[in-house]
Amino acid sequence: MSTPSPEDIRALRRDKYGDDPDADLSRDLERLASGEPLAYVIGWIPFLGLRIYLDSLPLIPRPETEWWTEKLVAHLGVRFGDGEFSFLDLCTGSGAIGLAVLGALPNARVTFAELVPDHVALIRKNLEENGLDASRAFICESDLFSALADRKFDVIAANPPYIPEGRALSESVTGFEPSEALFAGLDGLSLIRRIAAEAPQHLRAGGELWLECDTGHAQAAKELFGTSGRSAELHTDQYGRPRLLVSYW
């Protein structure tokens, strides 16, 4: 057990109780003291101006993901202008990446593919609670591309599980966040290998794939995509670490 920091307590009172001075925080403070992440205790997290609810306990969106999603949204706005385009958020979890694209770009048609049924329901909630245009969204339960048949997209984005099994993480992560959203084989590349093999059948000519990867295996991930007429680039995150892989078809 640990004592919650004053910053966490202030954030809890503000974001969960609207700064109500009479709110009873006792149960919430017990959860924080047990190591449960603040975002789960509050119940939502901000992400590029949206409120991403976490009811089904998906992976909590990280600042690194928000950083590259902001870059992605800006890029898509320049590339497609007012033209309609199709976008797939693969391994979507809470839906944060696809929701940000849907909310910022009125010409985007966004598909959300997620393996866990409870997260599929959560994406629908996040869509509704943020007042986004559901007519431009398609949400499906899918093991990667399994439910997408022969559908093709202009852009695919993914933040798949990519942590090597056996890597030590803090108890606040391993004790509360879903292991299936964190770990992916001994080298962390088992899901990324599948994406590299299957994505070409689901990207239109000139398509792009934006993928978050482990900094320690970023070069190995790049090599999986830089073949068969494709090109791939690694980009560092806001902390200067190789984090984002962009592949072009």
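Which residues does V101 touch, not counting residues up to four places away in sequence? Select V101 and show what surrounds this side chain: you should find L72, V73, L76, F85, F87, A108 and V110. As you explore, keep in mind that this is a predicted model.

**Stop 1: the cores**

Now widen the selection. V101 belongs to the largest nonpolar core, which has 37 residues. Colour L72, L76 and F87 along with V101, since these four are the residues with the most contacts inside that core. Apart from this core lies another, of 30 residues. To find the second one, pick V173, L182, A199 and L209, which are among its members.

**Stop 2: helices α1 and α2**

Move next towards the start of the chain and select residues 6–17, helix α1, together with residues 26–33, helix α2. The two helices pack with their axes 11 Å apart, at an angle of about 130 degrees. That angle makes α1 oblique to α2, and the crossing is right-handed. Show side chains to see who makes the contact: D8, I9, L12, K16 and Y17 come from α1, while D28, L29, R31 and L32 come from α2.

Stay on α2 for a moment. Which of its residues are buried? They are D28, R31, L32 and A33. Add residues 38–42, helix α3, to the view: α1 and α3 are included in what covers those buried residues. Just past the helix, click on G35, which follows α2 and has a positive phi, near 105 degrees.

**Stop 3: a salt bridge within α2**

Still on α2, select R27 and E30. Their side chains meet in a salt bridge, with 3.3 Å from N to O. The two residues sit three apart in the helix, so about one helical turn separates them. Residues three or four places apart in an α-helix point the same way, because there are 3.6 residues a turn. Turn on a surface here and compare the partners: R27 is exposed, with a relative accessible area of 52%, whereas E30 counts as partly exposed at 46%.

**Stop 4: salt bridges across the sequence**

The structure holds 18 salt bridges, and a few more deserve a visit. Select D154 and R204, whose side chains meet at 3.2 Å, N to O. This pair links distant parts of the chain: D154 is in strand β6 (residues 153–158) and R204 in strand β7 (residues 203–212), 50 residues apart. Is D154 buried or exposed? D154 is buried, with a relative accessible area of 14%, while its partner R204 is partly exposed at 37%.

Then jump to R167 and D214. In this salt bridge the closest N and O atoms are 2.7 Å apart. R167 lies in the loop between β6 and α7 (171–174) and D214 in the loop between β7 and α9 (218–225), so the pair ties together parts that are 47 residues apart in sequence. With a relative accessible area of 5%, D214 is buried; R167 is partly exposed, at 35%.

**Last stop: a network**

Finish by selecting E64, D237, R241 and R243 together. Which residues do salt bridges with shared partners join into one network? These four: E64, D237, R241 and R243. Draw the charged side-chain atoms as sticks and trace the links. Side chains of opposite charge can pair when their charged atoms come close.

Methods:
Residues are numbered from 1 along each chain as its sequence is written. This is a predicted model: local features need pLDDT of at least 70, side-chain atom pairs count only at pLDDT 80 or more; totals for chains, interfaces and linings use all residues. Side-chain values use heavy atoms; hydrogens and water are left out. A nonpolar core is a set of buried Ala, Val, Leu, Ile, Met, Phe, Trp, Tyr and Cys residues joined through side-chain atoms within 4.5 Å. Buried means under 20% relative accessible area, exposed over 50%, partly exposed in between (1.4 Å probe, protein chains only). Contact means heavy atoms within 4.5 Å. Helices (H or I, at least four residues) and strands (E, at least two) are DSSP runs, numbered from the N terminus. Axes are lines fitted to C-alpha atoms, for helices over the stretch in contact, and angles run from 0 to 180 degrees between N-to-C directions. Angles under 35 degrees count as roughly parallel, over 145 as roughly antiparallel, 65 to 115 as roughly perpendicular and the rest as oblique. A crossing is left-handed if the near helix is turned anticlockwise from the far one by less than a right angle, and right-handed if clockwise.
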